[in-house]
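Open the model in your viewer and keep the selection tool at hand. This tour goes stop by stop.

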Amino acid sequence: MVADALIYHPSVSHYLKFVGTTVGRDKLLRTIQYFARFYAWYLLRTNAVQTSIAPWEQLKKQFGLVRKVLRAGKNIEHFKAAAVAADAKTMDPVLRYAAVGRQLGYAGYLSMDLATLLDAVGVRKSKNAKRLQQEAFRFWAIGIMFSIVAQTYTLWRLKQREAKVDKKEGEGVVEGKRIVLERKAAQLQLTSDLCDFTVPSSALGWVNFDDGFVGLAGTLSSLIGVYTQWKKTA
């Protein structure tokens, strides 16, 4: 009876739906990858022995490679999303251009990342792999910057909308609740974007963040991704 209660519990069904999505699995792997990056740095800073650090370094490296394989071909999805956004003539112009820039940035990142896949898995080494990976980080940074612009603009627009709402009447109360939900989503995405930006900006040498800071930021943005995808699969 206890086993049946656990097996047929709604949370188990929800979990299966979550891990059944590529995004859900990727976010879980990403959380472990970036936590491993932070923890390996932490062990190094606390003078731990190399035998304690090595497993976390391998975890970071191997999970990064698994994720690289899983996202192969995903660049097409973002090229299509950019085209759809460009055709959305009724969308706010700022959000439309930001969406196009974001999707093209991510498409460029995934295209360059794909070009380094054979080198990463050891099938065929390439002398251009390092340069292509740097270009991938550059595209990723551009995509994130467009996303930050979009979320910042969205928060500003929500503030304007809220100022016009009459919260004393029925429709105003509903609109106020809708604004609260939209603001929460925008703030969550903005936090995730700012955390993610530490990764390419550090890799490109734009800022001088150590692995500990980047690992923690990546872990936080990954957990936000897990939370968001969990809600989508509810």
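What follows is a walk through aromatic rings, a loop, a cavity and a long helix segment from a record. Bear in mind that this is a predicted model.

**Stop 1: a stacked pair**

Start with the aromatic side chains. The structure holds 13 aromatic pairs. Select Phe-35 and Tyr-39, which form a stacked pair. Their ring centres are 5.8 Å apart, and the planes meet at 10°. Now show the backbone. Both residues belong to helix α3, which covers residues 22-45. They are 4 residues apart there, so about one helical turn separates them. Colour by accessibility next. Phe-35 is partly exposed, at 35% relative accessible area. Tyr-39 is also partly exposed, at 26%.

**Stop 2: a pair between two helices**

Keep Phe-35 and add Trp-56. How are the rings of Phe-35 and Trp-56 arranged, stacked or edge-to-face? They are edge-to-face, with 75° between the planes and 6.0 Å from centre to centre. Phe-35 lies in helix α3, while Trp-56 lies in helix α4, residues 50-70. The pair therefore ties together parts that are 21 residues apart in sequence. Trp-56 is partly exposed, because its relative accessibility is 26% and the partly exposed range runs between 20% and 50%.

Now widen the selection. Add Phe-38, Trp-41 and Tyr-42 to Phe-35, Tyr-39 and Trp-56. Ring pairs link these residues into a cluster.

**Stop 3: the loop between α3 and α4**

Move to Asn-47. This residue sits in the loop between α3 and α4. Check its backbone angles. Phi is positive, about 60°, although Asn-47 is not a glycine. Is Asn-47 buried or exposed? Asn-47 counts as exposed, with a relative accessibility of 71%.

**Stop 4: a charge over a ring**

Select Arg-96 and Tyr-97. The charged end of Arg-96 sits over the ring of Tyr-97. The distance to the ring centre is 5.1 Å.

**Stop 5: the cavity**

Next, look for empty space inside. How many cavities of 30 Å³ or more does a search of the whole structure find? The search finds 1. The largest cavity has a volume of about 30 Å³.

To see its lining, select Lys-68, Arg-71, Ala-72, Leu-110, Asp-113, Leu-114 and Leu-117. By type, the lining has 4 nonpolar residues, 3 charged ones and no polar ones. Which helix gives the most to the lining? Helix α6, residues 93-115, does, with 3 residues.

**Stop 6: a segment from the record**

Finish with residues 137-158. An unreviewed UniProt entry lists this range as "transmembrane region". In the model, the range is 100% helix and 0% strand. Draw a distance between the C-alpha atoms at its two ends: they are 31 Å apart.

Now pick out Met-145, in helix α8, residues 129-163. Met-145 is partly exposed, with a relative accessible area of 36%. Add Arg-161 and draw one last line, C-alpha to C-alpha. Met-145 and Arg-161 are 24 Å apart in space and 16 residues apart in sequence.

Notes:
Residues numbered from 1 in each chain as written. Predicted model: local features only at pLDDT ≥ 70, side-chain atom pairs only at ≥ 80, totals over all residues. Heavy atoms only, no water. 1 Å grid on protein atoms, 1.4 Å probe; cavity = no way out; pocket = protein on both sides within 12 Å on 5 of 7 lines; lining within 4 Å. Points joined across faces, edges and corners; volume = space filled by probe spheres on them. Nonpolar A, V, L, I, M, F, W, Y, C, P; charged D, E, K, R; others polar. UniProt positions renumbered as here; feature names shortened; annotations may be inferred. Phe/Tyr/Trp six-rings, centres within 6.5 Å; stacked < 30°, edge-to-face > 60°. Buried < 20%, exposed > 50% of the residue type's maximum accessible area, 1.4 Å probe, protein only. Lys NZ or Arg CZ within 6 Å of the ring centre and 35° of its normal.
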